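Visitor: Could you zoom in on one helix-helix contact for me, residue by residue, and then walk me outwards from there? I'd like the packing geometry as well as the contact list.

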Amino acid sequence: MWKVVWAALLLLATVCAQRGYAKETKGAPKVGHVSVVIVGGTGDLAKKYLWQGFFQLYANQVSSGYSFSFYGGGLLPKDKATPILFEALKGVVCPRELSVERCALVKEQFLKLAEYWQLKTLEDYQALGKHLTEQLKQEGIVEAGRLFYLSVPAFAYADIAEKINNSCRPTNGAWLRVVLEKPFGHDFSSAQLLSTQLGTSLKDEEMYRIDHYLGKQVVSKILPFRRENSKHLDPIWNKHHIERVEIVLKETLDARGRIPFYDQYGVIRDVIQNHLTEVMTLLTMGLPANLSDVKEVLRNKLKIFSALQHLDRNCATIGQYQTYNLEVQEELNKTKEYYSLTPTFAGIMVHVDIAQYEKMPIILTSGKMLDERLGYARILFKNDIFCVQSHDSVHCKPKQIVFYFGHGTLQYPAILVSKNLFKPDLMDTEWKEVTEHKDVSVLGMPISDYYVLTPTVQREAYTELILHIFQGRKDSFISTENLLASWGFWTPLLHGLAKTSPRLYPGGADNGNLLDFRLLGREVTFANEAVVMITQDHMGGSGAESFQVMQGKYRSADMVSAWPEELIVRLAADLQAAAENAVREGGRFHLALSGGSSPLALFQRLARHHYSFPWRDTHVWMVDERCVPLTELDSNFRTLHDQLLQHVKMPYFNIHPMPVQMNQRLCVEEDSGALLYERDITQLVNASSFHFVLLGVGYDGHTASLFPGSKLDTHGDSLVALTESPAKPHQRMSLTLKAINQAQKVGVLVMGKSKHELVTQLSRVKDNPKKWPVTGIRPTSGRLVWYIDYDALLG
Ligand code: BG6
């Protein structure tokens with residue numbers, strides 16, 4: 001068969017106008033035969049993009065001396081799958097540069113070169129391997145390489161790679177390239193495991209991990225653009241000139257039909273960890289001296305990854321479109337009680353901790369079911385000109401560079417530079433300047449206010465990347481180190497958000513400004529409060545009610561309940577009111593604060609929103625402490641310091657850490673640290689009665705560092721005691737029940753779905769401080785208020 005094909009190819013040799021990009025790069029395969037196998041060749045991706053990409057590769061390479069054969073592989077038997085495959089193949093369209101007649105000829109050849117091959121068992125792969133080798137022998141053709149494109153679920157990768165390694169490797173120095181589609185793991189450890197598994201069958205240089213964003217024409221030109229325009233950019237590509245960077249992927253589609261995949265991943269894993277992160281590294285990395293030096297590019301990218309500031313859940317807001325949960329219930333066969341926490345929207349702020357970008361916000365955001373389909377990266381520069389009049393003049397307008405990936409109002413990929421910045425140079429002859437515009441606005445500015453560069457010919461990302469694979473260009477693919485660095489960065493945030501309820505949004509234009517978010521220091525919060533609809537399903541009440549903060553009773557004490565954000569807002573406001581009141585009455589506010597994760601959001605809120613809090617007259621005490629040096633990360637004081645104290649203006653002698661370290665040792669009875677703390681309290685706090693004690697409650701019912709089974713009765717009249725925790729570090733120092741119950745107000749903060757069971761249980765049990773220490777909180781003359789978020793209350 002191939003002889004015939006060769007003849008046809010020779011005929012075609014003059015047919016295909018070769019564009020610059022068809023030329024071979026260094027390290028490209030020697031001319032010869034290339035076998036392409038798409039495993040999953042009848043699947044959606046193959047139908048939509050891959051066959052088209054390979055057809056274009058074929059059309060562009062037939063005249064360069066290569067010959068090809070194409071195999072669509074899959075689990076179905078040949079007779080069933082062949083018609084499906086050919087249906088997909090018939091749909092491919094010709095590159096614009098081919099005339100209609102020539103296209104028909106090339107397409108006919110392409111179809112003749114393709115066949116279906118069942119690839120299920122090791123024997124199937126062995127048969128394919130044998131077939132490939134025999135065909136080459138029969139035709140006497142030199143082999144250039146074998147390209148396997150794995151367009152299958154990731155769980156099948158390791159097994160298929162092993163089969164390819166065992167039975168389909170080429171001989172005689174021809175190359176093997178195995179292309180893998182994301183997801184490459186689910187978090188750092190699963191990505192590491194998958195890499196190790198693949199590493200047993202394939203060499204690193206044989207693996208091509210696709211991130212199709214790297215094939216988008218605009219994305220692939222970020223570095224060349226930066227280099228070509230470095231004389232303008234170098235002076236301004238830094239924190240002094242850049243206001244912020246925004247990397248955005250907005251989609252109108254939902255996740256319907258993909259829920260089994262999507263619900264396990266969500267928006268951060270689906271597009272932010274990979275596509276948007278890659279764009280971020282291209283924008284921030286140091287410019288390599290040689291843009292096609294894969295190692296140098298990787299080195300520079302890794303430097304950025306290692307300088308990214310750790311993300312915690314306050315650096316992100318998440319949402320979920322309203323009908324998503326129904327889709328999950330349907331597609332995953334779940335009951336009506338099932339609630340998925342998978343986010344379909346996220347807004348995240350990232351900082352790169354190097355002098356060039358310190359404190360410069362980088363926003364990464366993406367969502368399904370938004371108002372428009374649009375992807376871009378915008379560098380918004382500071383405008384240091386104050387316009388007194390003529391606000392329409394060009395120097396009064398925003399200064400920005402927009403890498404516009406496509407869709408949106410413009411409908412084509414482009415790099416836009418606002419005219420008040422500079423006139424950009426073209427990167428190469430494949431790009432041109434657009435001078436005639438439709439009357440559109442891009443990100444709030446009329447297109448005529450920008451210089452606009454666009455590719456001369458638009459090409460699909462997959463088509464580009466398939467060409468790069470053929471050329472052996474690894475710079476557009478994700479190396480193992482890059483992948484692990486990215487997962488290493490994202491995994492803590494993903495774990496931190498795992499139990500967070502996303503804000504529900506209706507979808508499309510109805511979202512209004514529900515998803516807008518605000519940047520405050522390192523924190524990201526929704527800009528507008530959500531009006532929450534609590535329906536019968538949630539509350540067992542009648543009809544739909546809308547409310548934000550609910551008052552009620554819990555364990556016969558007062559309870560305030562709301563969604564997490566609103567609850568923290570309320571608690572912070574209550575604290576400030578108590579502080580102002582105490583200062584007004586007695587000139588001092590004595591506040592005792594707990595450790596644990598629940599109060600973190602409160603500390604951050606106080607630090608960033610309560611500028612009128614009377615910090616100068618506030619004394620901060622610790623409810624409890626772990627017996628570790630105060631500088632250790634797991635010290636409660638260290639957390640309080642990092643999250644709150646260092647951000648507020650407060651005399652340092654008003655701060656009272658527990659003396660857990662004395663005489664260079666930790667919590668030793670004879671050092672009398674507990675007594676010392678008690679003495680300070682007695683001397684400074686009127687009647688040893690704190691104005692406000694903030695507590696949390698652990699899964700086992702512990703509060704402060706008073707654990708079930710603690711010998712509470714041995715504390716007698718002490719205010720401070722050394723206690724034991726079942727968890728490490730075991731030794732603790734804690735206020736006693738007596739000290740807490742003397743307070744004027746005690747707040748118990750309980751947050752998160754994982755506390756729901758505990759909240760239910762505690763609502764039923766009688767006071768039994770030995771078993772449930774928190775039930776021993778009964779202020780003698782003060783007031784107890786439970787602050788419980790809806791996640792903990794409703795589950
Ligand atoms: C894919 C995601 O990687 O990228 C999809 O899995 C998403 O959920 C798509 O829709 C977006 O790509 P593009 O090219 O349409 O912006």
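Guide: Happy to. Start with the residues in H2 that meet H14: Leu-45, Tyr-49, Leu-50, Gly-53, Phe-54, Gln-56, Leu-57 and Gln-61. On the H14 side, their counterparts are Tyr-462, Thr-463, Ile-466, Leu-467 and Phe-470. Sorted by class, that contact between H2 and H14 comes out as nine nonpolar residues, four polar ones and no charged ones. Keep in mind throughout that this is a predicted model.

Now the geometry. Two packed helices are described by the angle between their axes and by how far apart those axes are. Here the players are helix H2, residues 44-61, and helix H14, residues 461-471. Their axes come within 8 Å of each other and cross at roughly 55 degrees. Angles of 35 to 65 degrees fall in the oblique class, and H2 and H14 are therefore oblique to each other. As for handedness, H2 passes H14 in a right-handed crossing.

For some context in the sequence, UniProt lists residues 37-219 as "domain: Glucose-6-phosphate dehydrogenase NAD-binding", in an unreviewed entry. Over that stretch, residues 37-219, the chain is 48% helix and 18% strand. The C-alpha atoms at its two ends sit 27 Å apart.

A second helix pair is handy to hold up against the first. H7 and H15 pack at an angle of about 160 degrees, with 8 Å between their axes. An angle over 145 counts as roughly antiparallel, and H7 and H15 are therefore roughly antiparallel to each other. H7 passes H15 in a left-handed crossing. From H7, the residues in the contact are Phe-188, Ala-191, Gln-192 and Ser-195. They meet Thr-480, Leu-483, Leu-484, Trp-487, Gly-488 and Thr-491 in H15. The class count for H7 with H15 is five nonpolar, five polar and no charged residues.

There's a neat backbone detail on the way into H7. The loop between strand E5 (175-180) and helix H7 (188-199) holds Pro-183. The peptide bond joining Lys-182 to Pro-183 is cis, with omega at about 10 degrees.

Follow H15 the other way and you reach a sheet. Helix H15, residues 480-497, lies across strand E8 (316-321), E9 and E10. H15 runs at about 130 degrees to E9. Those strands belong to an open sheet of 10 strands with mixed pairing, in the order E14-E17-E13-E12-E11-E7-E10-E9-E8-E18. Strand E14 (431-434) and strand E18 (503-505) stand at the edges with a single partner strand each, so one side of each has no neighbour in the sheet. From one strand to the next, the twist averages 15 degrees.

Strands of a sheet pair through backbone hydrogen bonds, either parallel or antiparallel. Strand E9 (residues 345-350) and E10 run antiparallel, joined by six bridges. Across that pairing, Phe-345 stands opposite Gly-367 in E10. Just along the chain, Met-369 is in the loop between strand E10 (362-367) and strand E11 (374-381). If you're checking torsions, note that Met-369 has phi near 55 degrees, a positive value in a residue other than glycine.

Last stop: the span further along the chain. UniProt, again from an unreviewed entry, places "domain: Glucosamine/galactosamine-6-phosphate isomerase" at residues 564-786. That span, residues 564-786, is 30% helix and 20% strand, and its end C-alpha atoms lie 14 Å apart.

Turn next to an open sheet of three strands, ordered E27-E33-E32 with antiparallel pairing. Strand E27 (624-626) and strand E32 (720-724) are the edge strands, each pairing on one side only. The twist from one strand to the next averages 25 degrees here. Between E32 and strand E33 (residues 731-735), five bridges make up the antiparallel pairing, and Glu-724 has Gln-731 in E33 as its bridge partner. Helix H20 (residues 673-684) packs on this sheet and touches E32 and E33, its direction making about 145 degrees with that of E32.

The loop between E32 and E33 contains Pro-729. A cis peptide bond joins Lys-728 to Pro-729, with omega at about -15 degrees.

Definitions and conventions. Residues are numbered from 1 along each chain as its sequence is written. This is a predicted model: local features need pLDDT of at least 70, side-chain atom pairs count only at pLDDT 80 or more; totals for chains, interfaces and linings use all residues. Side-chain values use heavy atoms; hydrogens and water are left out. Axes are lines fitted to C-alpha atoms, for helices over the stretch in contact, and angles run from 0 to 180 degrees between N-to-C directions. Helices (H or I, at least four residues) and strands (E, at least two) are DSSP runs, numbered from the N terminus. Angles under 35 degrees count as roughly parallel, over 145 as roughly antiparallel, 65 to 115 as roughly perpendicular and the rest as oblique. A crossing is left-handed if the near helix is turned anticlockwise from the far one by less than a right angle, and right-handed if clockwise. Contact means heavy atoms within 4.5 Å. Ala, Val, Leu, Ile, Met, Phe, Trp, Tyr, Cys and Pro count as nonpolar, Asp, Glu, Lys and Arg as charged, and the others, Gly among them, as polar. UniProt positions are given in the numbering used here, feature names are shortened, and annotations may be inferred rather than shown by experiment. Two strands pair if DSSP finds at least two bridges between them.
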